[in-house]
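Let's take a look at where a small molecule sits in a protein, and at the empty spaces around it. Have the structure open while you read.

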Amino acid sequence: MPNLHILPSQKQLVDKVVDFIREQSQAAIKERGRFNLVLSGGATPRPIYENLTKLSTEQAPDWKKTYLFWGDERCVPPDHPDSNYRMAEESLITHIPIPPTHVFRMKGESEAQAAAQAYEQDLRRYFASASPHFDVVLLGMGDDGHTASLFPGTDAIHRKDRWIVANEVPSKSTWRLTMTAPLINQAHKIAFIITGEKKAETLYEVLHGTPQPQHLPAQLIAATDWFLDEAAAAKLP
Ligand code: 6PG
């Protein structure tokens, strides 16, 4: 059973997730000498990334042994307001001593299919064609039940043959790059971070409703941890 962490406020949720990342980084680096962290996009994670930069050197992850990846990206340039990379760069990357070669950016500015293939090649090279090992994958969820860029009714939710795919998202009139569910599910820890009452009904359906991943792609994910504020958890039993 996944761990449910329900926090009274968004601030307490942010602090809890920062502690979780910190603990997981220490364990990973102690065990294998590095910490492979997959960042989520959207708005929810921003204060988490910002708070990571406020930790003391003793408390912070060892950024020189940390490697950053993305679960998904919008097909826009890295300086575009919608770019998940730009959000992470502004809130985290420019404020920490992480070597640039440790930051694996999805190239949203490139043609989508080529960018997806290139990122998958980057990952296969990084994992030396062994099975991929992410220590932590951070995920958000939309009120339509999407996660990463696995949107209801889109092709990417069916893909089991690839780690990274380009996904056409008609509801957003755009293309996205996304990790597939099989790749995400290989991670050691998979943590959803969900806040706000708007998502409470969908969260109930994802956790307790009929299995229907075509309509609720978050159900594809074998999450180990759910970090929720009380508003998002309001409909849970
Ligand atoms: C993205 C994210 C997406 C996000 C959810 C929730 O690229 O937008 O990867 O899956 O996590 O849409 O977004 P909010 O945190 O903004 O509600």
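Start with N84: an N or O atom in its side chain is 2.9 Å from an oxygen atom of the ligand. That's a polar contact, meaning a pair of N or O atoms within 3.5 Å; within protein, one must be able to donate a hydrogen and the other to accept it, and residues adjacent in sequence count only if both atoms are side-chain atoms. Keep in mind that this is a predicted model, where local features need pLDDT of at least 70, side-chain atom pairs count only at pLDDT 80 or more, and totals for chains, interfaces and linings use all residues. Residues are numbered from 1 along each chain as its sequence is written, and side-chain values use heavy atoms, with hydrogens and water left out.

Here are the ligand's polar contacts with N84, H146 and A43:

| Residue | Part of the residue | Distance to a ligand oxygen |
|---|---|---|
| N84 | side chain | 2.9 Å |
| H146 | side chain | 2.7 Å |
| A43 | backbone | 2.8 Å |

On its own the ligand exposes 420 Å², and the protein buries 85% of that (accessible areas come from the Shrake-Rupley method with a 1.4 Å probe). The ligand is surrounded by 16 residues, with T44, D72, R74, A148 and K199 the closest; "near" here asks for a heavy atom within 4 Å. This shell has three nonpolar, nine polar and four charged residues.

Now for the empty space. The ligand takes up the space of the largest pocket, whose volume is about 470 Å³. A pocket is an open set of points on a 1 Å grid over the protein atoms alone, with protein on both sides within 12 Å along at least five of seven lines; a cavity is a set where a 1.4 Å probe fits but cannot get out, and lining residues have an atom within 4 Å of a point. Of the 27 residues lining the largest pocket, G42, M141, G142, H146 and K199 are the closest to its centre. Strands β4 (72–74) and β5 (136–139) each give two or more residues to that lining.

The second largest pocket has a volume of about 240 Å³. Its lining has 15 residues, and T57, A60, P61, D62 and W63 lie nearest its centre.

What about closed-off space? The structure holds one cavity of 30 Å³ or more, with a volume of about 40 Å³. Its lining is R105, M106, K107, A115, A118, Y119 and D122.

Terms used. Grid points are joined across faces, edges and corners, and a volume is the space filled by probe spheres set on the points. A molecule sits in a cavity or pocket if more than half of its atoms lie within 2 Å of its grid points. Ala, Val, Leu, Ile, Met, Phe, Trp, Tyr, Cys and Pro count as nonpolar, Asp, Glu, Lys and Arg as charged, and the others, Gly among them, as polar. Helices (H or I, at least four residues) and strands (E, at least two) are DSSP runs, numbered from the N terminus.
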